[in-house]
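Hi,

Here is the structure I promised to pass on. Have a look at it first, and then read my notes underneath.

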Number of protein chains: 2
Amino acid sequence: MGDDSPSRRVRADAERSTARILEAAEAVLAVDSTASLERIADAAGLARATVHRRFATRAALLEALAEQLSGRYLLGLAEARVKTAPPLVALHRVTEFVLGLRSDHRFALQLTEARTPEVLDGLDTLFARLRDTGAVTAAEPAWSRRVYLALLCEVYELPADSAALGPGAAADETAAKADLLVRTTLGALGGSHDTAALSPSGR
Amino acid sequence: MGDDSPSRRVRADAERSTARILEAAEAVLAVDSTASLERIADAAGLARATVHRRFATRAALLEALAEQLSGRYLLGLAEARVKTAPPLVALHRVTEFVLGLRSDHRFALQLTEARTPEVLDGLDTLFARLRDTGAVTAAEPAWSRRVYLALLCEVYELPADSAALGPGAAADETAAKADLLVRTTLGALGGSHDTAALSPSGR
DNA sequence: GACAAATGAAACAAGGGTGACTCACTTCTG
DNA sequence: CAGAAGTGAGTCACCCTTGTTTCATTTGTC
């Protein structure tokens with residue numbers, strides 16, 4: 001799916017343009033999901049015609065964007081060893097990974113096509129394992145996943161100096177947010193509050 | 001603000017039209033917030049011209065819609081005695097009231113103008129009182145409010161037969177959802193899990 | 001029943017977004 | 001350096017939405 005036959009070469013700056021378009025699209029659409037292609041092109045520092053050359057239609061651009069976002073999430077799930085690592089550890093790792101992304105998650109999660117079945121399945125198996133461990137009371141993984149994602153958006157948009165993050169949050173914002181999100185999610189889902197065993201000494 | 005001078009009479013069917021427009025707008029815009037006025041008019045069973053007669057511009061319609069929604073929330077807060085009743089009871093009452101509304105809350109909460117300062121303040125004082133009671137650990141009412149509203153959307157969209165609602169949910173769906181939401185919120189915010197004292201025998 | 005209010009249908013102009021195309025120009029790559 | 005790939009700027013047609021207006025018709029209300 002990557003390189004073609006040697007006959008047709010893809011120039012380096014063309015790929016750079018594509019990346020810049022996707023980047024700009026994510027930033028602009030996060031603010032206003034109805035923004036015109038021209039505004040996206042401006043944000044990317046390119047002409048609108050160039051956007052059309054990369055992505056034939058607006059829908060194609062959105063699709064590519066969704067695919068990219070889904071890919072990032074999948075990578076995070078894989079790196080966290082969602083299926084094998086101790087579920088609490090995996091949850092923490094996924095959370096830190098996702099919060100570390102520059103994506104605007106409220107936008108990303110609204111993008112229907114970004115919620116790939118694979119991503120959802122990954123989270124669901126994680127929450128199923130958390131339930132089997134007893135870390136979570138909620139029976140339905142799908143429900144747990146929804147709660148987690150909803151809280152993810154709220155935590156993500158939390159200002160860095162919020163008191164909700166606890167003391168010393170400025171030191172490592174992402175870690176503090178991950179702690180808060182894990183704690184809040186487990187509490188919401190009726191877990192036994194043993195999260196202290198996770199955050200303290202280790203890192 | 002209701003009746004005018006006797007000189008100008010507002011016919012009954014006109015008010016009915018206005019109500020139908022707002023109703024249809026809420027339903028249609030909840031699905032697609034960029035839906036055209038024509039689709040709203042169709043859903044209301046009226047001509048687009050009539051919509052324009054009631055609301056000069058699209059913005060005016062949205063504003064009226066937001067005002068209506070905000071009014072409903074304010075009514076719920078008032079009826080729950082947010083400022084005087086025992087906070088846990090008030091929280092439960094607000095929740096039941098809001099879940100009983102036919103509004104699509106995910107849409108309503110996205111509608112910026114519907115989040116009136118009054119509504120936000122009402123919730124914030126409620127969560128401040130919950131914190132003072134010890135029912136909630138989270139220090140910042142604003143954070144508690146955000147968590148509550150985020151979970152509200154998820155609970156609201158939960159299918160009636162979801163296992164997350166627990167046994168016997170079909171009996172009174174709204175009550176079951178309210179229980180779930182209160183329990184989940186208090187858990188998320190680190191409350192002492194004494195919610196059993198609320199739901200069982202009373203109602 | 002009479003009068004005024006309200007509506008439906010239709011046409012209209014204005015504005016904006018999308019997508020396709022051309023052509024001159026710049027920038028990579030071999 | 002030479003040719004090909006990529007880009008910018010401009011134009012064009014098309015469609016959809018918004019907002020306005022007109023006129024015949026229906027519907028409340030007194």
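Below is what I found, starting with how to read the model.

A word on conventions: residues are numbered from 1 along each chain as its sequence is written, while chains are lettered from A and ligands numbered from 1 in the order in which they are written. This is a predicted model, with local features needing pLDDT of at least 70, side-chain atom pairs counting only at pLDDT 80 or more, and totals for chains, interfaces and linings using all residues, and side-chain values use heavy atoms, with hydrogens and water left out.

**The two protein copies**

Chain A can be laid on chain B with an RMSD of 0.1 Å, by a turn of 180° and a shift of 0.1 Å along the axis (the superposition is by least squares on the C-alpha atoms of residues with pLDDT of at least 70 in both copies). The two copies are thus related as by a two-fold rotation axis. They meet through the same surface, because 100% of the interface residues of chain A are also interface residues in chain B (contact means heavy atoms within 4.5 Å).

**DNA strand D**

There are 22 residues around DNA strand D, and A:R11, A:S17, A:T50, B:L37 and B:R58 come nearest (near means that a heavy atom of the residue lies within 4 Å of the strand). Of the strand D atoms within 4 Å of the protein, 61% belong to sugar or phosphate and the rest to bases.

Some polar contacts stand behind this (pairs of N or O atoms within 3.5 Å; within protein, one must be able to donate a hydrogen and the other to accept it, and residues adjacent in sequence count only if both atoms are side-chain atoms). An N or O atom in the side chain of A:S17 is 2.4 Å from a phosphate oxygen of strand D, and for the side chain of A:T50 the distance to a phosphate oxygen is 2.6 Å. The side chain of B:R11 has an N or O atom 3.0 Å from a base oxygen of strand D.

Which element gives the largest share of the surface near strand D? That is α3(A), with four residues (helices are DSSP runs of H or I with at least four residues, strands are E runs of at least two, and both are numbered from the N terminus). By class, the surface near strand D has seven nonpolar, six polar and nine charged residues (Ala, Val, Leu, Ile, Met, Phe, Trp, Tyr, Cys and Pro count as nonpolar, Asp, Glu, Lys and Arg as charged, and the others, Gly among them, as polar).

**DNA strand C**

Around DNA strand C there are 23 residues, of which A:L37, A:R58, B:R11, B:S17 and B:T50 come nearest. Sugar or phosphate accounts for 63% of the strand C atoms within 4 Å of the protein, and bases for the rest.

Polar backbone atoms take part here: one of A:A12 is 3.1 Å from a phosphate oxygen of strand C, and one of B:A47 is 3.0 Å from a phosphate oxygen. The side chain of B:T50 has an N or O atom 2.6 Å from a phosphate oxygen of strand C. For the surface near strand C, α3(B) supplies the largest share, four residues. That surface has seven nonpolar, six polar and ten charged residues.

Cheers
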